Amino acid sequence: MGEKKTKIVKTIKINADECNGCRACEVICSAFHATPKYSSNNPARSRIRVIRDPLRDMYVPVYAGEYTPAECMGRDKYVIDGKEYDECAFCRASCPSRDIFKEPDSGLPLKCDMCEGEDEPLCVKWCLVDALVYEEREEEVEEEEEQPDEMEIGLEALADKYGMDKIMETLARMSESKEG
Ligand code: SF4
Ligand code: SF4
């Protein structure tokens, strides 16, 4: 058994019944993650997306989760108020079968980082109807291996797409042109 340590688990409770589809959460998330910060906003770059069905007044915020290099084998179907939704509609993964949760220019995966460095996630702050509620709790967990950071996840996605040799070649070329 490994060492136990205390970990702060951050969660956002989604009250989909309260969501009015305003998309303020998408706007602030994409602006916060723009380079430089707040220089632009584009919901396609947001790490939260609101699945919308305005005719039924139904909106479901979905957070970007883990990157996966392969599509899953099975598919779920959701039936809500008698309407069937796309099998992948509410999935959190950045996966090869769809464009959601991918940086539109580079195709690199996007993942919610809980607005690292901020006291409270900005999508929660900007949601005026409390459809998103931030919660923290302490949990005792086994000492775990470090999780890959955003750059490692991005590199893994590039390696899956182009192959490791191509990436090494490109890096070598870039480094030469910077030095020269
Ligand atoms: S800001 Fe709140 S109400 Fe507006 S779309 Fe996002 S979750 Fe829904
Ligand atoms: S917590 Fe921050 S990074 Fe995550 S979806 Fe909300 S605004 Fe984006």
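The protein chain of this predicted model carries 4 helices and 6 strands. Going along the sequence, these elements come in the order β-α-β-β-β-β-α-β-α-α. The C-alpha trace spans about 60 × 45 × 40 Å along its principal axes, and 32% of the 180 residues count as buried. As for contacts with a sequence separation of 6 or more, 64% are between residues 24 or more positions apart.

Turning to the interior, the largest nonpolar core is made of 15 residues. Those with the most contacts inside this core are Ile 12, Cys 25, Ile 48, Tyr 63, Cys 123, Val 124 and Leu 132. At least two core residues come from each of helix H1 (24-32), strand S2 (48-53), strand S3 (58-63), helix H2 (122-126) and strand S6 (132-142). There is also a second, separate core, this one of 10 residues, with Met 58, Val 60, Val 62 and Ala 64 among them.

Leu 132 gives a good view of how the largest core is put together. Beyond its neighbours within four places in sequence, Leu 132 touches Ile 12, Lys 13 and Ile 14, as well as Cys 25, Ile 48, Pro 61 and Tyr 63. Its list of contacts is completed by Cys 123, Val 124 and Cys 127.

Helix H1 is mostly covered, with 8 of its 9 residues buried. The buried set runs from Ala 24, Cys 25 and Glu 26 to Ile 28, Cys 29, Ser 30, Ala 31 and Phe 32. S2, H2 and S6 are among what covers these residues.

Ser 46 sits in the loop between H1 and S2. With a relative accessible area of 1%, Ser 46 falls under the 20% cut-off and is therefore buried. A polar atom of the Ser 46 side chain lies 2.7 Å from the backbone oxygen of Ile 48, a residue that is itself among those with the most contacts in the largest core. Setting aside neighbours within four places in sequence, Ser 46 is in contact with Cys 25, Glu 26, Cys 29 and Ser 30, and also with Phe 101 and Leu 110.

Two ligand sites come next. Ligand 1 has 13 residues around it, and Cys 19, Cys 22, Arg 23, Cys 25 and Cys 127 come nearest. By class, this shell splits into 10 nonpolar, 2 polar and 1 charged. Two of the cysteines that come nearest to ligand 1 fall on opposite sides of the accessibility scale: Cys 19 is buried at 14%, whereas Cys 22 is exposed at 54%. Around ligand 2 are Cys 29, His 33, Arg 47, Ile 48, Tyr 63, Cys 112, Asp 113, Met 114, Cys 115, Pro 121 and Cys 123. That shell has 8 nonpolar, 1 polar and 2 charged residues. Ile 48, Tyr 63 and Cys 123 appear in this shell and also among the residues with the most contacts inside the largest core. For all the cysteines named here, a search of the whole structure turns up 0 disulfides.

Finally, Gly 117 lies in the loop between strand S5 (83-85) and H2. At 73% relative accessibility, Gly 117 is over the 50% cut-off and so counts as exposed. Gly 117 and Asp 130 are 13 residues apart in sequence, and their C-alpha atoms are 22 Å apart in space.

Terms used: Residues are numbered from 1 along each chain as its sequence is written. Chains are lettered from A and ligands numbered from 1 in the order in which they are written. This is a predicted model: local features need pLDDT of at least 70, side-chain atom pairs count only at pLDDT 80 or more; totals for chains, interfaces and linings use all residues. Side-chain values use heavy atoms; hydrogens and water are left out. A residue is near a molecule or strand if one of its heavy atoms lies within 4 Å of it. Ala, Val, Leu, Ile, Met, Phe, Trp, Tyr, Cys and Pro count as nonpolar, Asp, Glu, Lys and Arg as charged, and the others, Gly among them, as polar. A nonpolar core is a set of buried Ala, Val, Leu, Ile, Met, Phe, Trp, Tyr and Cys residues joined through side-chain atoms within 4.5 Å. Buried means under 20% relative accessible area, exposed over 50%, partly exposed in between (1.4 Å probe, protein chains only). Contact means heavy atoms within 4.5 Å. A polar contact is a pair of N or O atoms within 3.5 Å; within protein, one must be able to donate a hydrogen and the other to accept it, and residues adjacent in sequence count only if both atoms are side-chain atoms. A disulfide is a pair of cysteine sulfur atoms within 2.5 Å.
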